[in-house]
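Biologist: Could you walk me through the helix packing and the aromatic residues here, with the reasoning behind each label?

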Amino acid sequence: MQFEKKLLEQKLEATLKEKKIADKTRFNGKPHDWVRFKGQFEAMVDSQSVPSITKFSHLKELVEPSIRTAIDCLPFTNEGYTLAFKYLEDKYGHPSEVAGSYVVSLLELPTINERDVSKIHRFYKQLLFNIESLETLGKLDSIEGTTYYVLRKLEIIKAELVTRVKTDWRDWTFKDLLESLKKWTETNLVPKVHKRGKFGKDPYSQSRGGQAFGSHDHEIKCVYCESTDHRAKTCDKVLTPLERTKILAKKGLCFNCASGQHHANSCKSKILCQLCEGRHHTSICESKNPDETNNRYKFHSQYKQNICNSSCSVN
């Protein structure tokens with residue numbers, strides 16, 4: 001019998017170590033985190049056929065030190081384990097405490113001040129989590145009056161949101177807000193990380209660094225207006241090649257690859273403009289602006305040369 005218990009304990013130890021439960025499941029002392037912790041602990045530890053003192057040992061390991069102090073004084077026995085779990089349940093698991101914690105989390109959602117698709121998607125996920133949790137606890141109806149307050153955090157896209165639900169936005173419930181925001185996220189997808197493969201090169205990215213369109217394994221960011229919801233080639237804020245060239249020069253970026261601190265003449269990128277095959281970045285090509293005169297083209301070319309000579313530093 002003792003041998004079987006020992007095997008079960010070793011099996012539990014191996015399971016916890018393999019899944020790194022100590023790192024991922026540690027209870028942080030916040031009431032809304034208790035629901036998650038309790039479910040995971042009961043499934044992975046409490047349900048196992050091992051002595052209660054073994055479970056007590058793991059319980060101590062899986063809470064923050066400040067919380068562990070409160071249960072360290074209890075006897076290391078079966079009864080001590082029962083008392084410890086009841087103490088944590090009473091202190092952190094009361095429905096009103098948990099619901100209050102979700103409400104605080106809801107009201108502390110960040111105000112979105114720019115049309116950043118990634119931030120709005122994160123906002124939606126956090127809002128959805130809190131609303132579903134409050135609904136599960138049966139507490140959602142009691143806070144419907146705060147819907148308007150949360151909607152004000154999305155003022156930047158409010159005009160878009162109110163057209164997606166038929167009801168008057170001033171009478172919205174959280175369900176209405178979630179429905180509208182869900183539709184918005186479905187039609188405004190987060191830009192994918194731009195990765196350059198050996199055979200799948202972006203025709204507008206002319207270097208490995210390519211700051212104009214986001215560096216490797218990083219979020220796409222337009223070099224001209226700093227927005228993250230489009231690439232430089234589709235920038236609708238800085239439109240003319242001349243304006244774009246000025247920005248590249250001000251940032252000390254190469255006119256050929258739109259990255260690095262070097263002259264276009266010394267740029268190692270072998271990729272030419274995709275529109276005219278000239279040695280400059282596609283996003284500042286004049287040929288896609290046929291209405292511009294030859295004189296303007298000559299002036300612009302001379303301007304680029306002068307800026308390059310005075311502002312770019314050779315590596």
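Modeller: Happy to! This is a predicted model. Let's begin with helix α4 (residues 52-61) and helix α5 (residues 65-72), which pack at an angle of about 145° with their axes 9 Å apart. Phe56, Lys60 and Glu61 of α4 meet Arg68, Ile71 and Asp72 of α5. The residues of this contact divide into 2 nonpolar, no polar and 4 charged.

Biologist: Why is the pair of Phe56 and Phe76 called stacked?

Modeller: Their planes are 25° apart, with 5.6 Å centre to centre. Stacked requires planes under 30 degrees apart and centres within 6.5 Å, so the label fits. Phe56 is in helix α4, while Phe76 is in the loop between α5 and α6 (78-92), 20 residues apart.

Biologist: Is Phe56 buried or exposed, and how do you know?

Modeller: Phe56 has 0% relative accessibility. The limit for buried is under 20%, so Phe56 counts as buried. Phe76, at 46%, falls between that limit and the 50% for exposed, so Phe76 is partly exposed.

Biologist: And what makes Tyr102 and Phe129 an edge-to-face pair?

Modeller: There the planes are 70° apart and the centres 5.8 Å apart. Edge-to-face starts over 60 degrees, so this pair qualifies. Tyr102 lies in helix α7 and Phe129 in helix α8, so the pair ties together parts 27 residues apart in sequence.

Biologist: How do you know that the charged end of Lys60 sits over the ring of Phe56?

Modeller: The charged end is 4.7 Å from the ring centre, and the distance limit is 6 Å, with a direction within 35 degrees of the ring normal also required. Lys60 is listed as sitting over the ring, so both conditions hold.

Terms used:
Residues are numbered from 1 along each chain as its sequence is written. This is a predicted model: local features need pLDDT of at least 70, side-chain atom pairs count only at pLDDT 80 or more; totals for chains, interfaces and linings use all residues. Side-chain values use heavy atoms; hydrogens and water are left out. Axes are lines fitted to C-alpha atoms, for helices over the stretch in contact, and angles run from 0 to 180 degrees between N-to-C directions. Helices (H or I, at least four residues) and strands (E, at least two) are DSSP runs, numbered from the N terminus. Contact means heavy atoms within 4.5 Å. Ala, Val, Leu, Ile, Met, Phe, Trp, Tyr, Cys and Pro count as nonpolar, Asp, Glu, Lys and Arg as charged, and the others, Gly among them, as polar. Rings of Phe, Tyr and Trp (its six-membered ring) pair if their centres lie within 6.5 Å; planes under 30 degrees apart count as stacked, over 60 as edge-to-face and the rest as tilted. Buried means under 20% relative accessible area, exposed over 50%, partly exposed in between (1.4 Å probe, protein chains only).
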